[in-house]
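Thanks for coming, everyone; I would like to walk you through one model today and to begin with how far we can trust it. Please keep the sequence and the structure in view while I talk.

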Amino acid sequence: MNERKIRIFVILTAILFLILGAIMFFMFDRQGLGKNKTNGFIDYNINDYINITPVVFNNYSDVYSSINVSRISFSNIDEELTENFLIKQNEFIDYITGYYNQINMSNSNYGAVSTVTSTIKNQINGAVLSVFYKLDFVLDENVFSDNIKSYIITFNVDLRTNKILTINDLLLKYDYSKDYISDKLFNEDILIEKGQIVVDKATNISLTKNDIERKKNDYVNKIISEFDNIINIYIENYSLVLVYNVDELKSIFFDNEFDTDIKFKYLKWEG
């Protein structure tokens, strides 16, 4: 092969590589490679969205024997979408100081017996980023008759559409209804055992199991109407998880004192 042919071969090879490079760049750009939520591409690295930082409290050891609390912050998500979650989270964390002040003002002599702990779960499922945040207090029972308190907030966002997913959105997405769930809540949490008595909140009349069963439709409809006020929802693995305080649910209907009882109800779907 003479020198002229070699030169032509080298030029043609270079041109071919340039063309292939341009084609590959165009393909990757269309797919969004190396981009975050651009052109429909979803980054599935949870650490690109969620930051968890321990919260440090100084000089609280005279009331709290343990403060094991972290705070969530967000990256690569529009601030207007996360604003409500962050406001509520800060409100919960501020309760640590609020309860500290209450216990101090009570002049309790029982020392540092209160604790507070945060629980955080986060996951990307499909295109949905789902976050669960819970703060659990066990407070000085000499100051608080109801000394166990839990505060919960959840956050669900579709990373593809950049849209907050409401309870209705998630139930629709995974083929569940408020009617179906409210019926189950009635049977499992509202309907009392035979021999038990509760006091109706509206009439102050004592109710038996038969009394409640006769008005099942009224109870279920009330749960449906209050659903968004008492239920938090998030995604964990291939389950839609409902979180609620049974005390709050029962208090809608009955004028009795109930202990804090946080329930998790896992609704499966085909993932």
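Among the elements of the protein chain in this predicted model, helix α1, residues 3-31, has the lowest mean pLDDT, at 56, whereas strand β3, residues 70-74, has the highest, at 98. Over residues 25-39 the pLDDT is below 50, and this stretch nevertheless makes 17 contacts in the model beyond its near neighbours in sequence. Where pLDDT is low, the predicted coordinates should not be read in detail. For the protein chain taken as a whole, the mean pLDDT is 88, and 84% of the residues reach 70 or more.

Let me stay with β3 for a moment. Its covered face consists of S70, I72 and F74, while R71 and S73 make up the uncovered one. Strand β1, residues 50-54, runs antiparallel to β3 and is joined to it by 5 bridges, and within that pairing the bridge partner of I50 is F74.

Next come the sheets. Strands of a sheet pair through backbone hydrogen bonds, either parallel or antiparallel. One open sheet has 5 strands in the order β2-β4-β5-β6-β7, and its pairing is mixed. The edges are held by β2, residues 64-68, and β7, residues 163-164, each of which has a single partner strand, so that one side of each is left without a neighbour in the sheet. Within this sheet, β5, residues 128-138, and β6, residues 148-158, run antiparallel and are joined by 11 bridges; if you would like a pair of residues to find on the screen, L129 stands opposite V157 in β6. Helix α2, residues 79-105, lies across β2, β4, β5, β6 and β7, and runs at about 170° to β6.

There is also an open sheet of 3 strands, in the order β10-β11-β12, with antiparallel pairing. Its edge strands are β10, residues 232-236, and β12, residues 262-268, and each of them pairs on one side only. On average, neighbouring strands of this sheet are turned by 25° against each other, if direction is ignored. Strand β11, residues 239-245, pairs with β12 over 7 bridges in the antiparallel sense, and here L242 has K265 in β12 as its bridge partner. Helix α4, residues 178-190, lies across β11 and β12, with a direction at about 135° to β12.

Turning to another helix, where does α6 bend? Helix α6, residues 216-230, bends by about 40° at I224. The buried residues in α6 include Y219, V220, I223, F227 and I230. An α-helix has 3.6 residues a turn, so residues three or four places apart point the same way.

I would like to finish with a single side chain, that of K201, which lies in the loop between β8, residues 198-199, and β9, residues 206-207. Which residues does K201 touch, leaving aside those up to four places away in sequence? K201 touches S251, I252, F253, F254 and D255. Although K201 and I252 are 51 residues apart in sequence, their C-alpha atoms are 7.5 Å apart in space. The side chain of K201 reaches the backbone oxygen of S251 at 2.7 Å. As for its surroundings, K201 has a relative accessible area of 47%, and it therefore counts as partly exposed, since the exposed class begins over 50%.

Conventions: Residues are numbered from 1 along each chain as its sequence is written. This is a predicted model: local features need pLDDT of at least 70, side-chain atom pairs count only at pLDDT 80 or more; totals for chains, interfaces and linings use all residues. Side-chain values use heavy atoms; hydrogens and water are left out. Two strands pair if DSSP finds at least two bridges between them. Helices (H or I, at least four residues) and strands (E, at least two) are DSSP runs, numbered from the N terminus. Contact means heavy atoms within 4.5 Å. Axes are lines fitted to C-alpha atoms, for helices over the stretch in contact, and angles run from 0 to 180 degrees between N-to-C directions. pLDDT is the predictor's confidence in each residue, from 0 to 100. The bend at a residue is the angle between axes fitted to the seven residues ending there and the seven starting there. Buried means under 20% relative accessible area, exposed over 50%, partly exposed in between (1.4 Å probe, protein chains only). A polar contact is a pair of N or O atoms within 3.5 Å; within protein, one must be able to donate a hydrogen and the other to accept it, and residues adjacent in sequence count only if both atoms are side-chain atoms.
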